[in-house]
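Here is a short tour of the structure shown below, put together with a computational chemist in mind. Have your viewer ready, and follow along at your own pace.

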Amino acid sequence: MTREVRESGGGWWCAGVRWPGEVPELGWSRGGRRRVSVLAYGAGLGFRAVGERHCVGARGNVCPLGAVVPGRSTGGRCAECARLDRAHSVAADTMADDPRTYRVYLAWFGPGLVKVGITGEERGAARLREQGAVAFSWLGRGPLMAARRTEEVLRAALGVPDRIPYARKRVERGRLPDTDERAAEVAELYARAAALEGRGWPESLERLPLEVVDQVGIFGLDRAVEPVSEPVPLPASGPVRAVRELVDGGVVAGRLVAAAGPDLHLAVAGGGVVVLDTRLITGWDLTAESGSDVRVPLIDIGGGGVQGGLF
């Protein structure tokens, strides 16, 4: 990422992390130009925010107001663009005639932290990686309305939510049980969901066999990396600080040790791992920055209090 930004002369807007495959990428835009930076665990990453943060627009269109948005907004959109973006999403239930095939999935983010959701079949597991699902299994496939109905049935019958606050996912990711325990919880939920066939399960939804996919390795949560000086493994307790917001002149730089969903885990100078939610960097002009420090406002991941000032 650093090399591409520097060569372009700076001023690129980041579109956040993408997961088209099993390797994370950062999307970039500058005017009508688009670029992608493939991220590698163990590589250095650094940038400086410049000026003000602006609305990223909706559905690929530039915000007509050029609105300034708050630094702590994970949406990165003004109210009008957020409304337009939401209106054209699958979650808005405005696409009843969508002819595509959808899949229902069961996603696991930590002990007792599971959800049900749907995604377009052509997207594969990209949606699960975007959400930072540590493990998952497909449950069924079929038309959009059948998939949506199944989602509703599971919420009502099993008490399984369709949304989990991202802060909770981040906390649980730092204290994961072993692979077998993760798989067992997904399998248990799958069995309970499959038992609903004939009891509210839409006939047009084909049930898929249980196959638990564990993404800890894809996210790099099971790896140790080697920075320039000495090996710095991801601590067993996980990272304890997260970037709260960017500010004009704020610098983020470190060595990438893991990535999950929109989060990048950076080993920083002086030791320790800091989480950067890339949804916070959309809409900023970013320029290359060398060094190995993080100098933006940080917050304790566990909610133990905000650390003030610039670090």
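Let us begin at Leu154: setting aside neighbours up to four places away in sequence, this residue is in contact with Leu106, Val116, Leu139, Gly159, Val160, Ala193 and Leu196. Please keep in mind that this is a predicted model. The chain has 311 residues, and buried residues make up 50% of them. Its secondary structure comes to seven helices and 19 strands.

**Nonpolar cores**

- Leu154 belongs to the largest nonpolar core, which has 57 residues. Leu154 is also among those with the most contacts inside that core, along with Phe47, Leu139, Leu246, Leu276 and Leu286.
- Apart from this core lies another one, of eleven residues, including Tyr105, Ala107, Ala133 and Trp138.
- As general background, nonpolar side chains tend to be buried together in soluble globular proteins.
- Among contacts in the chain with a separation of 6 or more, 67% come from residues 24 or more positions apart.

**Buried residues worth a look**

- Glu151 is found in helix α4, which covers residues 144-158. Is this glutamate buried or exposed? Glu151 counts as buried, because its relative accessibility is 4%, under the 20% cut-off.
- Leaving out residues up to four places away in sequence, Glu151 touches Val116, Gly117, Ile118 and Asp162. Val116 also appears in the contact list of Leu154.
- Leu45 sits in strand β4 (residues 44-50) and counts as buried at 5% relative accessibility.
- How many residues apart along the chain are Leu45 and Leu256? They are 211 residues apart, yet their C-alpha atoms are separated by 6.8 Å.

**Strand β14 and its partners**

- Strand β14 spans residues 263-267, and five of its five residues are buried.
- Both faces of β14 are covered: Asp263, His265 and Ala267 are buried on one side, and Leu264 and Leu266 on the other. In general, side chains in a regular strand alternate between the two faces of the sheet.
- On one hand, β14 pairs with strand β13 (residues 251-260) in the antiparallel sense, over five bridges. Within this pairing, Leu256 has Leu266 of β14 as its bridge partner.
- Two residues lie between β13 and β14 in their hairpin, and Gly261 in the turn has a positive phi of about 60°.
- On the other hand, β14 pairs with strand β15 (residues 273-277), again in the antiparallel sense and over five bridges. Here Ala267 stands opposite Val273 in β15.
- The hairpin of β14 and β15 has five residues between the strands, and Gly270 takes a positive phi near 90°.

**Helix α6**

- Helix α6 takes in 16 residues, 179-194. At 1.5 Å a residue they should span 22 Å, and the end C-alpha atoms are indeed 22 Å apart, so the two values agree.
- Which residues of α6 are buried? They are Arg182, Val186, Leu189, Tyr190, Ala193 and Ala194.
- These residues cover an arc of only 135° around the axis, which means that they lie on the same side of α6.
- Ala193 is also one of the residues in contact with Leu154.

**Salt bridges**

- The structure holds 23 salt bridges. In general terms, side chains of opposite charge can pair when their charged atoms come close.
- Arg141 and Glu206 meet through their side chains in a salt bridge, at 3.2 Å from N to O. Arg141 lies in strand β7 (residues 135-142) and Glu206 in strand β8 (residues 206-207), so this pair ties together parts that are 65 residues apart in sequence.
- Arg141 is partly exposed, with a relative accessible area of 26%, and Glu206 counts as partly exposed at 41%.
- Asp98 forms a salt bridge with Arg100, with the closest N and O atoms 2.7 Å apart. Asp98 counts as buried at 12% relative accessibility, whereas Arg100 is partly exposed at 35%.
- Arg175 and Glu172 form a salt bridge at 3.0 Å, N to O. Glu172 counts as buried, with a relative accessibility of 15%.
- Salt bridges with shared partners join Arg170, Arg173, Asp263, Asp277 and Arg279 into one network. Asp263 is also one of the buried residues of β14.

Conventions:
Residues numbered from 1 in each chain as written. Predicted model: local features only at pLDDT ≥ 70, side-chain atom pairs only at ≥ 80, totals over all residues. Heavy atoms only, no water. Core = buried A, V, L, I, M, F, W, Y, C linked by side-chain atoms within 4.5 Å. Buried < 20%, exposed > 50% of the residue type's maximum accessible area, 1.4 Å probe, protein only. Contact = heavy atoms within 4.5 Å. Salt bridge = Lys/Arg side-chain N within 4 Å of Asp/Glu carboxyl O. Helix = DSSP H or I, 4+ residues; strand = E, 2+ residues; numbered from the N terminus. Pairing = 2+ DSSP bridges. Expected span 1.5 Å × (residues − 1). Arc of directions from axis to C-beta.
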